[in-house]
Amino acid sequence: MNTTSYLIAFLVYALTAFSGFGQDTTYYNSLGSGMGTTKAKADHYLIRKDSAGFQIDREYYMDDQTKAISLYKKEGTRLLPYGQKFAFHPNGQLASVYTYNEEGTRSGPAKSYYEDGQLSFTGAYVDWKKDGEWIHYHQNGQKSDQKTFIAGKGKGKIMSWHENSQVRYEASFNRDGVFVLDNAYRKDGSQVITNGEGEWTEYTASGKLLYQGSYDNGLKTGIWYIYDTLATGSMVSGTSPILSIPFTKGMLDEDITIKIPETGKIINFTPKYLDAPDDINPLLEAQPVPINMDIVKRLIGYPKVARDNGIQGMVVVRVLVDETGAYEDHILINQVAEELSTEVEQQLPQLKFTPAIQNGRPIKFWVNIPFNFKLIDDYTPLWKKRKKKKKKKGSN
């Protein structure tokens, strides 16, 4: 069955399968009060239906246009994403399609679309990790970039193009999966980076200076300057840098999260993911904030296997939040044990956020989310209890 047929079949199933079962309606305000707001203040709402073994979530904009459809498989107290998850733009156009396997992990084709129906990207996952060829497109239909992944690790050459189809940069992943820039060009074809050496200067569509810095051996080096493109307060847009970031061989020494005093805007950088020239984001008016974290944490719980074996610690994931505030993708940054991270990854698609705001409009943005697993002080892991019992038995 092709993707279109699968989509039609799933939507028919979603709209009819659970009729007759109980349902709950929850109202959300993505830019304000979050989950559980009143209908009058909401910008979308969720209808949740249950049946034996399954749960279906259908989100709607306040004009009753479908926002998202998700199917979950119940396994005890756990809810596992199942089949394909669909998201829609406010105009009714399909926004994205992701596929989940029987174990609740994202595996299979993935596609995203612009509001006019133009393809935004296409690729595939295997157990949450990008796998195979990934291609992104500009809204005019021209290719934006093309990369290859094997089990989440970048491999081989990378190509990027401007909207006019002029090559933007040529790069590659080294054996450790690190982005290494080779050559870079402007829209007019003039070369600014040659064999990994040179200075990169990025401008907004309106010609305002956004950021600039140097490359050495294909990696960011020295001080990179960030400029305020919003011209808020006393800052003059595109003339004076409001942030200076030091790089050594393409890496920062530590995560940087700064709130600019004069504007109140927040900027967040994570060294591991500042690779390509466009990985430095403009300052935001607001970054994504989870609005249903308590619910997701309850769904995750404390995995029994981890609890019984005394496993604890923090799992940190970097989540890509789309323009509607929905989960789109994630990267596992810190993993204490697979018993903990697997449970977290299975429930991530249920996270809902306030979207990142730039120039008054919502944009896609990455945000780090920690999940801390800590056993209570007087808790005795099951394996220790068993050991005590065996010792007591041997002493008699």
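How many cavities of 30 Å³ or more does the structure hold? The count is 6, and we'll visit two of them on this tour. Keep in mind as you click around that this is a predicted model.

**Stop 1: the largest cavity.** Select Glu-59, Lys-67, Gly-325, Ala-326 and Lys-352, the residues closest to the centre of the largest cavity, out of 15 that line it. The volume here is about 80 Å³. Colour the lining by residue type and you get 7 nonpolar, 4 polar and 4 charged residues.

**Stop 2: the second largest cavity.** Keep Ala-326 selected and add Lys-85, Phe-86, Ala-87, Ser-96, Tyr-98, Asp-322, Tyr-327 and Glu-328; together they line the second largest cavity. Its volume is about 60 Å³. Now switch to cartoon view: strand S7 (83–88), strand S8 (94–100) and strand S27 (327–334) each give two or more residues to this lining. S7 supplies the largest share, with 3 residues. By type, the lining splits into 5 nonpolar, 1 polar and 3 charged.

**Stop 3: the cores.** Next, show side chains for Leu-181, Val-317, Val-319, Val-344, Leu-348, Ile-369 and Phe-371, which have the most contacts inside the largest nonpolar core, a set of 44 residues. Zoom in on Phe-371: leaving aside residues up to four places away in sequence, its contacts include Met-293, Lys-297, Ile-300, Val-317, Val-344 and Leu-348. Then look for a second, separate core of 11 residues, with Ile-56, Phe-88, Leu-119 and Ile-135 among them.

**Stop 4: helix H4.** Go back to Val-344 and select the whole of helix H4, residues 338–347. Is this helix mostly enclosed or open? It is largely enclosed by the rest of the structure, because 7 of its 10 residues are buried. Those are Leu-340, Ser-341, Glu-343, Val-344, Glu-345, Gln-346 and Gln-347. To see what covers them, turn on helix H2 (293–300), helix H3 (304–308), strand S6 (78–81), strand S26 (313–321), S27 and strand S31 (365–373), which are included in the cover.

**Stop 5: two backbone oddities.** Most residues other than glycine have a negative phi. Ala-151 goes the other way, with a positive phi of about 50°. You'll find Ala-151 in the loop between strand S13 (143–150) and strand S14 (153–154), partly exposed at a relative accessible area of 45%. Finish at Ser-165, where phi is also positive, about 75°. Ser-165 sits in the loop between strand S15 (156–161) and strand S16 (167–173), and counts as partly exposed at 40% relative accessibility.

How values were computed
Residues numbered from 1 in each chain as written. Predicted model: local features only at pLDDT ≥ 70, side-chain atom pairs only at ≥ 80, totals over all residues. Heavy atoms only, no water. Core = buried A, V, L, I, M, F, W, Y, C linked by side-chain atoms within 4.5 Å. Buried < 20%, exposed > 50% of the residue type's maximum accessible area, 1.4 Å probe, protein only. Contact = heavy atoms within 4.5 Å. 1 Å grid on protein atoms, 1.4 Å probe; cavity = no way out; pocket = protein on both sides within 12 Å on 5 of 7 lines; lining within 4 Å. Points joined across faces, edges and corners; volume = space filled by probe spheres on them. Nonpolar A, V, L, I, M, F, W, Y, C, P; charged D, E, K, R; others polar. Helix = DSSP H or I, 4+ residues; strand = E, 2+ residues; numbered from the N terminus.
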